[in-house]
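Me: I have a structure open and would like to talk through the ligand site and a helix pair. Can we start with the ligand?

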Amino acid sequence: MAKKFINKITIVGCGPGSKKYLTGYALQQINSAEVLIGSRRLLSLFPDADLDTYVLNNNYKLLLTRIVSLSKRKRVVVLVSGDPGFFSYAKLIIDKIGIENCEVIPGISSVQLAFAKIGRTWNDACFISLQGRSGKLASVVKKIIENEKVAILTDNANSVKLIARKLIDSGLKSRKIYVCENLSLEKERIREFDVSSIMKIRVSDLTVIIILDES
Ligand SMILES: C[S@@+](CC[C@H](N)C(=O)[O-])C[C@H]1O[C@@H](n2cnc3c(N)ncnc32)[C@H](O)[C@@H]1O
């Protein structure tokens, strides 16, 4: 059984990036934190916070041990982007210390905002994350063949082109692709493409794509 902690670790879903998409409760929890942990991008949303901060990058395994020891003395809040239950660091924390030692605060996911922007439902969509999984493009194509609506979290600018190339090679040229970049942020851009024209575009590293079969 997981050990009981003195202070629960609060995992806050910060939404797609702009503060306007943070919930009131999330903000309240962040304001009462003694230690704030998150990516540089999320920490920069709270420049005035007078507390200890730790930057989360690819040090996430080491930081996990740190989070556990800090939580014994302080109120630790971990910031994750979007919703904690959707491809985030929250799973590693909960698996390590148990949900009884955590409070998870939902946030608006990047995919929720992407679907809202293009005016489509997402209850009938299939979701894929390519983060650290670019080698698995074959299984991504299988999912695209099997589903009429697929949302993909891309892991870098290049992966959109790799997906398009696979679609062309698999005879799936008629799919429509929405490229939703920097959602809620200053450089937000939502564009619609056919598969062949996507090969020519540049996209941001912070991108969700939605692939539709409307044939
Ligand atoms: C580690 S995952 C986190 C997903 C997050 N938990 C969520 O619910 O949106 C990071 C990926 O989410 C997507 N993402 C997060 N914020 C985004 C934004 N503002 N605009 C576009 N895509 C975003 C990108 O595909 C990025 O590579």
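Reply: A residue is near a molecule if one of its heavy atoms lies within 4 Å of it. Please keep in mind that this is a predicted model.

Me: OK, so how many residues surround the ligand, and which are the closest?

Reply: The ligand is surrounded by 18 residues, and the closest of these are Pro-16, Phe-86, Ser-110, Gln-131 and Thr-207.

Me: Which backbone atoms lie 2.9 Å from an oxygen atom of the ligand?

Reply: A backbone N or O atom of Asp-83 lies 2.9 Å from a ligand oxygen atom, and a backbone N or O atom of Thr-154 also lies 2.9 Å from an oxygen atom of the ligand. For a nitrogen atom of the ligand, the partner at 2.9 Å is a backbone N or O atom of Leu-183.

Me: Back to Ser-110, where is it found?

Reply: Ser-110 belongs to helix 5, which covers residues 110-118. If neighbours within four places in sequence are left aside, Ser-110 is in contact with Pro-16, Gly-82, Leu-153, Leu-183 and Val-208.

Me: Switching topic: at what angle do helix 3 and helix 4 cross?

Reply: The axes of helix 3 (residues 60-71) and helix 4 (residues 90-97) cross at roughly 50° and come within 11 Å, and that angle makes helix 3 oblique to helix 4. The crossing of helix 3 past helix 4 is right-handed.

Me: And which residues make that contact?

Reply: Helix 3 contributes Tyr-60, Leu-64, Ile-67 and Val-68, while helix 4 contributes Leu-92, Ile-93, Lys-96 and Ile-97. Sorted by character, the residues of this contact are seven nonpolar, no polar and one charged.

How values were computed:
Residues numbered from 1 in each chain as written. Predicted model: local features only at pLDDT ≥ 70, side-chain atom pairs only at ≥ 80, totals over all residues. Heavy atoms only, no water. Axes fitted to C-alpha atoms, helices over the stretch in contact; angles between N-to-C directions. Helix = DSSP H or I, 4+ residues; strand = E, 2+ residues; numbered from the N terminus. Parallel < 35°, antiparallel > 145°, perpendicular 65-115°, else oblique. Left-handed = near helix turned anticlockwise from the far one by under 90°. Contact = heavy atoms within 4.5 Å. Nonpolar A, V, L, I, M, F, W, Y, C, P; charged D, E, K, R; others polar. Polar contact = N/O pair within 3.5 Å; in protein donor to acceptor, adjacent residues only side chain to side chain.
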